Amino acid sequence: MKSILLNSVAAAATLVGAGMLSTTSAHADDLTLCWAAWDPANALVELSKDFEAKSGHKMKFEFVPWPNFADRMLNELNSGGKLCDLMIGDSQWIGGAAENGQYVKLNDFFEKEKISMADFIPATVTGYAEWPKGTPNYWALPAFGDVVGWTYRKDWFSRPELQDEFKKKYGRDLAVPKTFAELKDIAEFFQGRNIDGTTVYGAAIYTERGSEGITMGAMDVLYSFGFQYENPKKPYELEGFVNSPESVAGLEYYKALYDCCVPPGHSDAYMSEDVDAYKSGQVALQMNFAFIWPGINADAKVGGDKSGYFANPAGPGGKQFAQLGGQGISVVASSAKQAAALEYIKWFAQPEIQNKWWSLGGYSALRSVVEDPGFAKSQPYAQTFLDSMAIVKDFWAEPSYASLLQATQKRFHDYVVAGKGTSKEALDGLVKDWTEVFEDEGKY
């Protein structure tokens with residue numbers, strides 16, 4: 001998810017005309033699908049064996065570790081490279097990939113094949129497929145729903161002695177927090193505590209500086225405090241919204257949670273570091289994307305009934321949102337095998353394939369899967385996934401998102417981790433940075 005300047009080099013490829021979009025290839029092709037290297041990608045390899053058997057095409061996969069994924073794949077798109085026929089790209093890429101002609105527009109294909117975006121979770125259509133946002137222009141099929149949520153040590157929470165001590169101190173049960181204030185109380189309660197002869201800590205949160213980590217973590221909190229990216233009535237008007245009093249309070253909270261309650265050395269942590277801290281028994285709470293939950297549930301040390309899952313809590317005013325993750329699957333415009341790539345998307349969109357995708361550990365965005373009466377009880381984390389996907393927001397998906405993200409990473413890390421300045425100064429600086437980016441883009 002690490003980013004580079006998406007709009008620095010326009011792709012040489014042009015969009016394929018609607019009349020050339022065919023889902024029947026004259027011969028078998030070797031298709032290469034590009035994605036990140038993580039557990040869901042392994043599940044997709046297994047799932048894709050069905051496509052190979054039915055279509056005659058052979059699938060190859062180019063999986064790149066998350067810290068290098070955006071650099072590698074955005075360079076591929078920007079240069080008009082021929083490596084990838086299909087791309088499962090991050091949600092923030094959609095604007096640049098659409099405007100730079102790097103993805104094939106899928107509207108005519110969807111209409112021909114009777115693939116309706118109304119059949120997918122609305123937030124994933126907006127987040128992964130649409131550009132411009134809020135318009136019926138589609139550049140991807142929602143492929144992997146994801147969202148930031150929380151994992152907690154259910155076995156620790158249930159210990160009678162800890163229940164008694166917590167209730168005496170806070171006047172309520174030690175239970176899943178309903179608000180961020182309650183979450184911080186729980187993190188402070190566990191910070192430095194001895195459990196089974198081991199010193200444990202409160203919460204593993206996102207603090208990583210190099211790619212997008214601290215932005216995903218801090219925004220996950222700021223949304224519920226009242227942060228807004230812009231004036232809802234005037235696009236790109238930032239003053240008083242990005243740096244509102246509610247936003248300032250939210251960033252102050254995130255720093256306070258970092259200062260009080262993370263494990264030692266947790267100053268540059270993202271997904272894998274949070275998983276490691278949790279699986280090793282260091283922390284009571286873990287912030288992370290939902291994709292990690294199958295692995296937590298199966299883990300010998302913390303899995304099964306030892307762990308529980310909950311959606312992002314509410315802020316001081318009762319607002320409750322969560323940071324969207326996840327990706328859509330697109331046909332790369334520079335591919336010479338677009339017809340076969342479209343066959344793959346048609347196959348992947350089938351309800352029976354989406355059901356199998358969920359059973360293998362992929363997070364389907366198809367409503368018939370997630371709205372099935374049995375879905376919520378199909379896995380211990382399934383209901384939390386539903387609850388979380390109902391409250392999502394996402395970072396800018398502008399073509400200049402990489403510049404916007406780099407500024408955010410610096411401002412947030414300097415304040416939260418390095419302790420430079422105040423929350424208000426950090427957000428005022430962010431308004432300045434973002435305004436300069438949008439001025440360069442001609443938005444004013």
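Helices (H or I, at least four residues) and strands (E, at least two) are DSSP runs, numbered from the N terminus. The model is predicted, so local features need pLDDT of at least 70 and side-chain atom pairs count only at pLDDT 80 or more, while totals for chains, interfaces and linings use all residues. Residues are numbered from 1 along each chain as its sequence is written, and side-chain values use heavy atoms, with hydrogens and water left out.

**Exercise 1. Strand β4 and its partners**

Task: State how strand β4 pairs with β8, β9 and β10, and decide whether β4 is enclosed or open.

Solution.
- Step 1. Two strands are said to pair if DSSP finds at least two bridges between them. By this rule β4 (residues 141-153) and β9 pair through four bridges and run antiparallel.
- Step 2. Strand β10 (residues 322-331) is joined to β4 by six bridges, again in the antiparallel sense, and strand β8 (residues 283-289) is joined to β4 by five antiparallel bridges.
- Step 3. Individual partners can now be placed on the model. F144 stands opposite Q327 of β10, whereas G149 has N288 of β8 as its bridge partner. Towards β9, T151 is matched with Y309 and Y152 with G308.
- Step 4. Burial is judged by relative accessible area, where buried means under 20%, exposed over 50% and partly exposed in between (1.4 Å probe, protein chains only). Because 13 of the 13 residues of β4 are buried, the strand is largely enclosed by the rest of the structure.

**Exercise 2. The two directions of strand β9**

Task: Work out which residues of β9 point one way and which the other way.

Solution.
- Step 1. In a regular strand, side chains alternate between the two faces of the sheet.
- Step 2. In β9 (residues 307-310), S307 and Y309 point one way, G308 and F310 point the other way, and all of them are buried.

**Exercise 3. Salt bridges of helix α18**

Task: Describe the salt bridges formed by D433, K424 and E436, and say what each one connects.

Solution.
- Step 1. Side chains of opposite charge can pair when their charged atoms come close. The criterion used here is a side-chain nitrogen of Lys or Arg within 4 Å of a carboxyl oxygen of Asp or Glu, and the whole structure holds 19 such salt bridges.
- Step 2. One of them brings together the side chains of R411 and D433, at 2.7 Å from N to O. Since R411 lies in helix α17 (residues 401-416) and D433 in helix α18, this pair ties together parts that are 22 residues apart in sequence. R411 is partly exposed at 28% relative accessible area, while D433 is buried at 16%.
- Step 3. K424 forms a salt bridge with D428, the closest N and O atoms being 2.9 Å apart. Both residues lie in helix α18, four residues apart, or about one turn of the helix. K424 is partly exposed, with a relative accessible area of 38%, and D428 is partly exposed as well, at 30%.
- Step 4. E436 and K432 meet through their side chains at 3.1 Å, N to O, and these two residues of helix α18 are also four residues apart, about one turn. Both count as partly exposed, E436 at 37% and K432 at 49%.

**Exercise 4. A charged patch**

Task: Identify the residues of the negative surface patch and find the place of D440.

Solution.
- Step 1. Patches are made of residues with over 30% relative accessible area and no salt bridge, in which like charges are joined within 9 Å.
- Step 2. The negative patch consists of E99, E439, D440 and E441.
- Step 3. D440 belongs to helix α18 (residues 423-440), and with a relative accessible area of 70% this residue is exposed.

**Exercise 5. Backbone features in loops**

Task: Locate the cis peptide bond from W131 to P132, and compare the settings of D196 and Y236, both with positive phi.

Solution.
- Step 1. The peptide bond from W131 to P132 is cis, with omega near -10°, and P132 sits in the loop between α5 (122-128) and β4.
- Step 2. D196, a residue other than glycine, has a positive phi near 55°. D196 is placed in the loop between β5 (194-195) and β6 (198-199) and counts as exposed at 62% relative accessibility.
- Step 3. Y236, again not a glycine, has a positive phi near 70°. Y236 lies in the loop between α9 (213-225) and α10 (245-261), and with a relative accessible area of 15% Y236 is buried.

Terms used: Patches are made of residues with over 30% relative accessible area and no salt bridge: like charges are joined within 9 Å, nonpolar side chains (Val, Leu, Ile, Met, Phe, Trp, Tyr) within 5 Å. Accessible areas come from the Shrake-Rupley method with a 1.4 Å probe; for residues, only the protein chains shown count as cover. Lys and Arg count as positive and Asp and Glu as negative; His and the chain ends are not counted. The place of a charge is taken as NZ of Lys, CZ of Arg, CG of Asp or CD of Glu.
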